[in-house]
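Biologist: I'm new to this one, and I'd love a close look at a single part. Could you walk me through it slowly?

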Amino acid sequence: MPSDNKQSSIVTRIVPTGSTLGIDWKDYWSHRELLYFLTLRDVRIRYKQTLIGIAWVVLQPVLTTAILTVIFSTFARFETLNVPYPLFVLSGIVIWLFVHTAITITSGSFTNNTNLVTKVYFPRLIVPLASTLACILDLLISLPILIVMMVYFGTGVSWQIVMAPLFLLLAFVQTAAFGIFFSALNVRFRDVKFALPFFLQIWMLASPIFYPVSLLPEKWKIVFAVNPLTGIIEGFRASLFGTAFDWPVIGVSSLSILVILAIALFVFRRMEDDFADLI
Amino acid sequence: MKTIEVDNLSKQYVLGETRANSLRDAFRNFIRKPLGNSKKNELWALKDISFDVKDGETLGIIGRNGAGKSTLLKILSRITKPTSGSARIHGRVASLLEVGTGFHNELTGRENIFLNGAILGMRRSEIETKFDEIVAFSEVEQFLDTPVKHYSTGMYMRLAFAVAAHLEPEILIVDEVLAVGDAEFQKKCLGKMNEVSKTGRTIIFVSHQMGSIAQLCRRSILLEKGRLIMADHTNLVIEHYLNHGKAKLASYTADASATHREMYVQNGTIVNNAGVEQTSFRHDESILINVKCVINRMMQGAELRMVVKDGRGITIFTTDAELSSLNAKSKTFEVDYKIPPNTLRPNTFSIELSLFVPHQHIIESLADLLFFSVFDSGTKYAQSEGVDYGVIFSPCEWAVKQG
């Protein structure tokens with residue numbers, strides 16, 4: 001009997017809130033196409049409405065770089081190891097803008113998709129993941145600007161360039177972790193969106209975006225590397241400009257990313273059961 | 001073979017202060033907690049619900065507003081989790097608590113079909129295979145590459161339902177989706193549901209329309225204030241639902257949840273000519289409905305609508321009382337409706353009241369608010385009881401002429 005076959009196929013158990021804290025990876029795998037379609041939706045919506053959308057993605061890093069270059073080559077001159085300062089800043093800004101935009105947008109991903117959460121079931125992590133993934137396109141659009149600048153300044157490229165994707169991946173994991181954390185928090189606490197810009201501002205200043213880590217005394221570098229962006233940006237620059245990788249810094253930052261991801265997933269799991277009732 | 005086993009399911013909601021809405025409040029509560037005990041306002045939306053659904057069965061869920069129907073569907077759809085108890089579901093579930101979930105106005109019809117399909121749990125290959133069928137069913141071929149924000153409501157609904165109608169889960173959970181859209185659309189939906197139920201799939205169906213429930217479900221459960229009070233053949237359950245506790249239902253008094261509205265019905269009663277509350281009327285007796293309302297803020301152009309429905313939930317007639325004559329300063333008003341003698345034929349009837357501004361705004365809508373029945377006290381039709389002579393006495397005149 002066919003009905004007997006289908007009965008054995010999938011069994012769903014519904015259990016009370018908070019009784020399981022594990023993540024059902026199989027469930028995520030079976031919903032992978034939803035992740036694809038939600039990402040596609042976010043990308044389409046962001047770029048569909050206006051052409052300004054794309055122009056903005058290009059203009060933002062260029063203008064920020066120009067401003068920072070003017071300011072810092074006038075008031076403070078950082079030692080950037082033979083890398084022209086505009087290029088140095090741009091390489092940091094490109095990553096920072098991705099982090100900043102993606103976390104800001106992703107933190108509101110549940111509150112902007114209320115009816116998805118209250119009307120259908122799917123593993124909830126898909127929402128912040130799709131939102132962060134969609135922002136990668138911004139990063140991909142801004143990378144050619146970086147290449148154009150490198151050609152313009154005549155910076156050579158070494159074998160180390162092959163390492164660049166690794167640091168972009170780290171940047172993604174870190175951003176997704178923060179996005180997951182804030183998106184969950186935002187369901188419960190609606191003032192997260194007011195606290196977030198402040199947090200991001202402090203974070204930007206604490207990251208080696210317009211200054212090099214080499215500015216710091218050796219022993220403080222490792223402390224500084226607890227900020228995951230330190231390792232990501234330093235590693236990304238070393239890959240681009242062929243300077244030496246600072247493995248201890250990169251190592252500490254990577255570890256830091258893993259810890260943040262673990263915390264984010266834990267907090268998310270603790271809160272997601274109540275999403276539909278709270279949102 | 002049991003497809004769904006529900007075991008002692010309960011869901012509690014905590015209302016009021018204990019749920020912090022901002023970090024600031026959370027912090028303040030954290031500081032206060034050791035000092036004062038926070039007041040809890042608990043509500044059991046569901047309490048100890050147990051039932052089974054057999055393989056291939058279509059089960060109806062019946063109950064008044066707030067009985068816990070939606071909460072039950074949400075738990076079975078895994079949208080929210082129960083507070084205690086458990087359930088086991090064998091098979092692939094798709095739930096339709098709304099049509100067009102995830103539809104985005106900026107996206108085209110084509111893009112929305114894929115997105116919505118994926119949200120409802122369809123595989124991409126599955127959507128591709130059924131794409132032409134979905135488009136044909138929705139009748140929006142020419143507008144497939146137009147953003148849905150340019151669609152009419154009808155087109156939008158048809159497209160949304162077309163996607164949902166092509167789901168092929170083993171278990172389908174459906175809520176009231178049929179309540180929206182025009183008659184043609186509802187007919188199409190019901191037809192499709194009927195078709196689906198005949199393919200041996202298991203369906204759980206919630207509706208306020210007893211007609212649709214009776215048509216689709218052989219067995220139903222009745223919920224009242226979060227408890228399961230009956231599980232039996234649909235006809236018996238509907239009868240119980242419509243007849244049970246009718247004595248109480250000759251009158252209605254608003255509870256605190258209504259008082260925040262601009263205007264609300266404070267009180268509604270069904271009385272006879274002598275002004276006595278009554279639920280059972282002779283066919284040749286006047287039926288009077290007295291409604292008292294409170295005005296917090298006068299809405300210009302508001303009307304009080306009374307809809308009379310028969311036992312199957314089919315609308316018999318609608319009367320709109322215009323409120324334009326009210327003094328701007330009045331805080332309350334009363335409306336008396338009178339159904340003249342010899343209007344309604346023997347049947348059970350329900351009354352729906354709603355306050356609304358035509359074409360703009362629904363202030364309050366109260367379905368199945370009051371109930372009454374009419375019995376035949378001696379027309380010639382009374383002699384052959386049980387024959388369906390319609391719901392109203394025919395105002396049709398006739399004349400016979402010698403040929």
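**Strands and their partners**

Modeller: Happily! Strand 17 (residues 347–357) of chain B is joined by 10 bridges to strand 18 (residues 361–375) of chain B, and the two run antiparallel. Strands here are DSSP runs (E) of at least two residues, helices are H or I runs of at least four residues, and both are numbered from the N terminus; two strands pair if DSSP finds at least two bridges between them. Within this pair, Asn347(B) stands opposite Val374(B) of strand 18.

A word on the model: it is predicted, so to speak of local features we need pLDDT of at least 70, and side-chain atom pairs count only at pLDDT 80 or more, while totals for chains, interfaces and linings use all residues. Residues are numbered from 1 along each chain as its sequence is written, with chains lettered from A and ligands numbered from 1 in the order in which they are written.

Strands 17 and 18 belong to an open sheet of five strands in chain B, ordered 12-18-17-14-15 with mixed pairing. Strand 12 (280–282) and strand 15 (315–322) stand at its edges; each has a single partner strand, so one side of each is left without a neighbour in the sheet.

Pairing also links the two chains: strand 1 (residues 11–14) of chain A runs antiparallel to strand 4 of chain B, joined by four bridges. There, Val11(A) stands opposite His90(B). The wider contact takes 34 residues from chain A and 46 residues from chain B, where contact means C-beta atoms, placed from the backbone, within 7 Å. Strand 4 gives the most to chain B's side, with six residues.

Terms used
Two residues are in contact if their C-beta atoms, placed from the backbone, lie within 7 Å.
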